[in-house]
Amino acid sequence: MAGVPGGAGLSRGSGMQRSFDVVVIGGGVIGSSVAYHLSANPAFAGRIAVVERDPTYATASSSLSTSAIRQQFATAANIRMSGYSIGFLRRVRELLSVDGYETDIGLREPGYLILGTPGDIPAFEAKAATQRACGVNTELLTPEGARRRHPWLRVDDLGIASYGPDGEGWFDGPALLQAFKRKARAQGVEYIAGTVTGLDMAGAGQIGAVLLADGGRLLCGRVVNAAGPWSGQVGRMTGLDVPVVPLKRCIFVFDSPEKIPHGPFVFDPSGVAFRPEGHRYLCTAVPAAENAADDFGLDVDHALFDDMIWPALAHRVPGFERLRLLRAWAGLYEHNLFDHSAIIGRHPEVTNLVLACGFSGHGMMHAPAAGAGASELILHGEARSVDLRPFAFERIAANQPIREHVY
Ligand SMILES: Cc1cc2nc3c(=O)[nH]c(=O)nc-3n(C[C@H](O)[C@H](O)[C@H](O)COP(=O)(O)OP(=O)(O)OC[C@H]3O[C@@H](n4cnc5c(N)ncnc54)[C@H](O)[C@@H]3O)c2cc1C
């Protein structure tokens, strides 16, 4: 059993300076999944620290997420990530329970129902063909077919609907984060409450130490940037441009006399999406514009609900005309400006830096695959559980975007 090749070995620091084989910056669902998977790997015997500045996760994406999972992606790369991840999520009780605590993330799989206009038909057919080629059992429905299944749905302006009957739904995201963290700690990972303020270079293209606001210094073999919406900031600590910025997304909770029990997660062509949550409903809309790169504000945009979301909901489900808004919150997507897809892989210039960021609204569902793959990349130099090559940082310089649809 060995630590990471080129790692800082097992020497223990003392006082303000300590030594770890791997330091993960950010203890959200991604950082915690990487730490769990690495520490679970029998080939790894090194020391792992996860540095998290806010153990309450008050503003972390992982706390504010709606935590849904779909298989209906447009690219094989993302479909594979979802396929691996749903298999993991179905087994969390077995994989992540620790002595005396049985993990339950409340996974439900009622499917995604994605609605399209008549003009969307060719694109829906192309996506369904890609999904089926990857083993996903996507059903394409006529508008009438969709209405027969869901009599509450208005379909007269629709051209097509796409439904994923398998491996699509939602779960308790914060519970998944805590389960990864609990299990990682049980496997020896150390969580350090602290803010990373800088990265010391040890020489050309190597980070030697992670610097903390309290003066602490963590010598390290590898560093993982899993800082979510703050990953661009962490990138700049090494002078690198990691094109990840915060993008505010607002979630609204409402009640309605119209009930859609066991309904799917519905995506309307207007950009509005809604799903049941217990006896109530959650809804959101694709943000119309991007924030400024340094705007981490979490004010709810109430006009978005009044002007866009409510009219769209009432149009699609006439019974929602009489809905009652109960509460709302805003969270930050870790938005990759290049192609709205994750960046997972080693940085080509700073070679002991691994990026696991920019998930652009898919990080909760893809956390298992990202953690498994990134840990293997650290340990073996390549991801084995899932193909991470399409997500490499190098695609940015090569101008090879992952062409995904943004919901
Ligand atoms: C409203 C909303 C809805 C969403 N819906 C879905 C969905 O349905 N399905 C889905 O898959 N995904 C969804 N997402 C996205 C998903 O939640 C994220 O992709 C995922 O949580 C990202 O996890 P993370 O660990 O990278 O980031 P985070 O959870 O934000 O964790 C990053 C952590 O890094 C810490 N950190 C940052 N900088 C530093 C520093 N300098 N020093 C120390 N610590 C630092 C932060 O405190 C934070 O805790 C949604 C997100 C939002 C906001």
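Helices and strands here are DSSP runs, numbered from the N terminus, with at least four residues for a helix and at least two for a strand. The model described below is predicted.

**Two domains**

The protein is divided into domain 1 (1-107 + 167-243 + 338-407) and domain 2 (108-166 + 246-335). Taken over C-alpha atoms, the centres of domain 1 and domain 2 are separated by 29 Å. Across the boundary, 32 residues of domain 1 are in contact with 33 residues of domain 2. On the side of domain 1 that touches domain 2, the elements giving two or more residues are α2, α3 (76-89), β7 (169-170) and α8 (231-236). The largest share of that side comes from α3, with three residues.

**The shell around the ligand**

Around the ligand there are 40 residues, of which G26, G28, G228, G331 and G363 come nearest. Two or more residues each are given to this shell by α1 (29-40), β2 (48-52), α2 (61-64), β12 (244-255), β16 (324-336) and α10 (363-380). Which element gives the most to the shell? That element is β16, with four residues.

Where does the ligand lie with respect to the two domains? Domain 1 and domain 2 both give residues to the shell around the ligand, so the ligand lies between them.

The table sets out the residue classes of the shell and of the side of domain 1 that touches domain 2.

| Region | Nonpolar | Polar | Charged |
|---|---|---|---|
| Shell around the ligand | 20 residues | 15 residues | five residues |
| Side of domain 1 that touches domain 2 | twelve residues | 17 residues | three residues |

**Strand β12 and its partners**

Strand β12 is among the elements that give two or more residues to the shell around the ligand. A residue counts as buried if 20 or more other C-beta atoms lie within 10 Å of its own. Nine of the twelve residues of β12 are buried, so this strand is largely enclosed by the rest of the structure.

β12 pairs with β16 in the antiparallel sense, over twelve bridges. In this pairing, L247 stands opposite Y333 in β16. β12 also pairs with strand β15 (residues 280-285), again in the antiparallel sense, over four bridges. Here F252 has C283 in β15 as its bridge partner. In a regular strand the side chains alternate between the two faces of the sheet.

Technical notes: Residues numbered from 1 in each chain as written. Predicted model: local features only at pLDDT ≥ 70, side-chain atom pairs only at ≥ 80, totals over all residues. Near = placed C-beta within 6 Å. Nonpolar A, V, L, I, M, F, W, Y, C, P; charged D, E, K, R; others polar. Domains from an automatic or database assignment. Contact = placed C-beta atoms within 7 Å. Pairing = 2+ DSSP bridges.
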